[in-house]
Amino acid sequence: MTKKKALKLAQLYAYSGFGAEAIRTLELLGQHAPDTDRVASIARYLDGGQPPHPNPFTSLQRCESDAALWVLLIEGEMQEEAQLQSIEQSFARLPNHLRRQVGPTLAEILTDAGKLEPARRVLRAVDRVATEDSADTSQAKAKVAAAEGDGPKSEALLNEVIAASGAELEAPLALARLVDKRWSERGAISPQELDLAASYVVEFRRSEIGPRMLQTQIVAWSLSHEFDKAMDLLGAQNAQDIAVETLNRVAQILTERADDATFLRRVVTLTPEQKLALFTDTSVGLAERLVTLGFADAALELASRSQDKARRAERARLRARAALLQRRPHQAMLELVDDPSDAAQLLRGQALQMTDDYVAAGQLLRTVGEDEKADRFFWLADHPETVEHERDTKFLAVQQTTRLLSVPPIRMQDNPFADAKGLLDDSAKTRQHILDLLAKVDQ
């Protein structure tokens, strides 16, 4: 067999969807060339194998040839310079069996890139040549529906795949996507889905999708409020290589839904490696709840990580709150030095209050419109002249009542009976003023 005929035979095999046969034919040539490497890459892709390194299709998504389609499929991610029109035209020229085979994958790639209308066109083309409904097509349609915001349709399609007979690999992957969807929507997991996830973990523990199934089970446990089981699985020896995203998903649900005791128990037992693997948003959420519960040291550790670069102002405010809990008002002021926000002003007011500088605290709070709190500090500082009397605040009334209580009674020493009656009347007024004062302070 000549080299030219061998190459044509390999191309025919690849065109017919026989990847292994195409690769075997190319091996007979005993040499590498651009044409043979590209045919081999397509054959490996069609046969579910790994693409070669280096990829002979690299940087060809911008080409106006069939190569743009195959490089997109092999790389699995659409580049900005990709020629979408050429890709769609190349897909339309494929034989029916290849359109059925690669169409769902192409639709998912386009959906991930935000190209929903091209993804719909691809799926319609698959439907026109499909002999029966396939699980991978249903999964692609579910992904498009999710991107469109049609949650019920997406969930219904995924449930169809899960319940379909013969979907040996598609069903567990559909369940994984369903759990992902529930997590993003903060939904719940049914007991039947939990049992199915557990069975898939056992069934596929030695396969390539084994880690994905374990991740799915862990997230499903957390969505079912079984935080101890989820965290125990995360810490298990056989789960050390679980994706960082899974840890962060569980930690976020733990922060949002767990009761205080469970939250504290699981957060304080996070390993240093797990704390290091938290995303910035996750660590901020954990620190926020910790400082709200009064655990300053634990919150300060999560809000002070050197690797965090985003949400600087928010993390600084968390550190300031932790410093206030530790009775370190000056440290809190240092954390807020570059923060002009109203939230930072309120924290500065708390720090000034802690240093007994009530007048400065009141003046600071007045700048952010907290007139009630400002007048309270002026009252505590015994600075009635600082209060703006045109503002009808509770502590303005408290201050006025306090001033009335400070007025001494008028004595009439030359008329003992009138003096006694005046004292009784003043005593009655004083009691009423005190009752009014207590009522206003309790409001």
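How many of the nine residues of helix 4 are buried?

## Helix 4, a covered stretch

The count is eight of nine, so helix 4, which spans residues 67–75, is mostly covered under the cut-off that calls a residue buried when its relative accessible area is under 20%. Keep in mind as you look around that this is a predicted model.

The buried residues of helix 4 are Ala 67, Ala 68, Leu 69, Trp 70, Val 71, Leu 72, Leu 73 and Ile 74. Step just past the end of helix 4 and you meet Gly 76, whose phi is positive, at about 75 degrees.

## Helix 17 meets helix 19

Now jump along the chain to helix 17 (residues 280–292) and helix 19 (residues 312–325). Their axes come within 10 Å of each other and cross at roughly 25 degrees. An angle under 35 degrees counts as roughly parallel, and helix 17 and helix 19 are therefore roughly parallel to each other. The crossing of helix 17 with helix 19 is left-handed.

Which residues of the two helices make the contact? From helix 17 come Thr 280, Val 284, Ala 287, Glu 288, Val 291 and Thr 292. Helix 19 brings Glu 314, Arg 315, Leu 318, Arg 321, Ala 322 and Leu 325. Sorted by character, the residues of this contact are six nonpolar, two polar and four charged.

## Helix 19 meets helix 21

Helix 19 also packs with helix 21 (residues 342–354), at an angle of about 20 degrees and with the axes 11 Å apart. Here too the angle falls under the 35-degree cut-off, so helix 19 and helix 21 are roughly parallel to each other. The crossing of helix 19 and helix 21 is left-handed.

On the helix 19 side, you can pick out Arg 317, Ala 320, Arg 321 and Leu 324. They meet Ala 343, Ala 344, Leu 347, Gln 350, Ala 351 and Met 354 of helix 21. This contact divides into seven nonpolar residues, one polar and two charged. Arg 321 is worth finding on screen: it takes part in the contact with helix 17 and in the contact with helix 21.

## One aromatic pair

How many aromatic pairs turn up in a search of the whole structure? There is one. A pair of aromatic rings is described by the distance of the centres and the angle of the planes. For Tyr 200 and Phe 204, the ring centres are 5.9 Å apart and the planes stand at 55 degrees, so the pair is tilted. Both Tyr 200 and Phe 204 are buried.

## Two loop residues with positive phi

Most residues other than glycine have a negative phi. Two residues in loops go the other way.

His 225 is not a glycine, yet has a positive phi of about 65 degrees. You will find His 225 in the loop between helix 12 (210–223) and helix 13 (227–235). Its relative accessible area is 45%, so His 225 is partly exposed. Arg 311, also not a glycine, has a positive phi of about 55 degrees. Arg 311 sits in the loop between helix 18 (296–303) and helix 19. With a relative accessible area of 31%, Arg 311 is partly exposed.

## Three more residues to visit

Is Ala 230, in helix 13, buried or exposed? Its relative accessibility is 0%, so Ala 230 counts as buried. Leaving out residues up to four places away in sequence, Ala 230 touches Ile 218, Trp 221, Ser 222 and Val 250. Ala 230 and Ala 251 are 21 residues apart along the chain, and their C-alpha atoms are separated by 9.9 Å.

Ser 86 belongs to helix 5 (residues 84–93). A relative accessible area of 12% makes Ser 86 buried. Again setting aside residues up to four places away in sequence, Ser 86 touches Cys 63 and Glu 64. Finally, Thr 269 is in the loop between helix 15 (260–268) and helix 16 (272–277). Thr 269 is partly exposed, at 48% relative accessible area. From C-alpha to C-alpha, Thr 269 and Met 231 are 9.8 Å apart, although 38 residues separate them in sequence.

Terms used:
Residues are numbered from 1 along each chain as its sequence is written. This is a predicted model: local features need pLDDT of at least 70, side-chain atom pairs count only at pLDDT 80 or more; totals for chains, interfaces and linings use all residues. Side-chain values use heavy atoms; hydrogens and water are left out. Axes are lines fitted to C-alpha atoms, for helices over the stretch in contact, and angles run from 0 to 180 degrees between N-to-C directions. Helices (H or I, at least four residues) and strands (E, at least two) are DSSP runs, numbered from the N terminus. Angles under 35 degrees count as roughly parallel, over 145 as roughly antiparallel, 65 to 115 as roughly perpendicular and the rest as oblique. A crossing is left-handed if the near helix is turned anticlockwise from the far one by less than a right angle, and right-handed if clockwise. Contact means heavy atoms within 4.5 Å. Ala, Val, Leu, Ile, Met, Phe, Trp, Tyr, Cys and Pro count as nonpolar, Asp, Glu, Lys and Arg as charged, and the others, Gly among them, as polar. Buried means under 20% relative accessible area, exposed over 50%, partly exposed in between (1.4 Å probe, protein chains only). Rings of Phe, Tyr and Trp (its six-membered ring) pair if their centres lie within 6.5 Å; planes under 30 degrees apart count as stacked, over 60 as edge-to-face and the rest as tilted.
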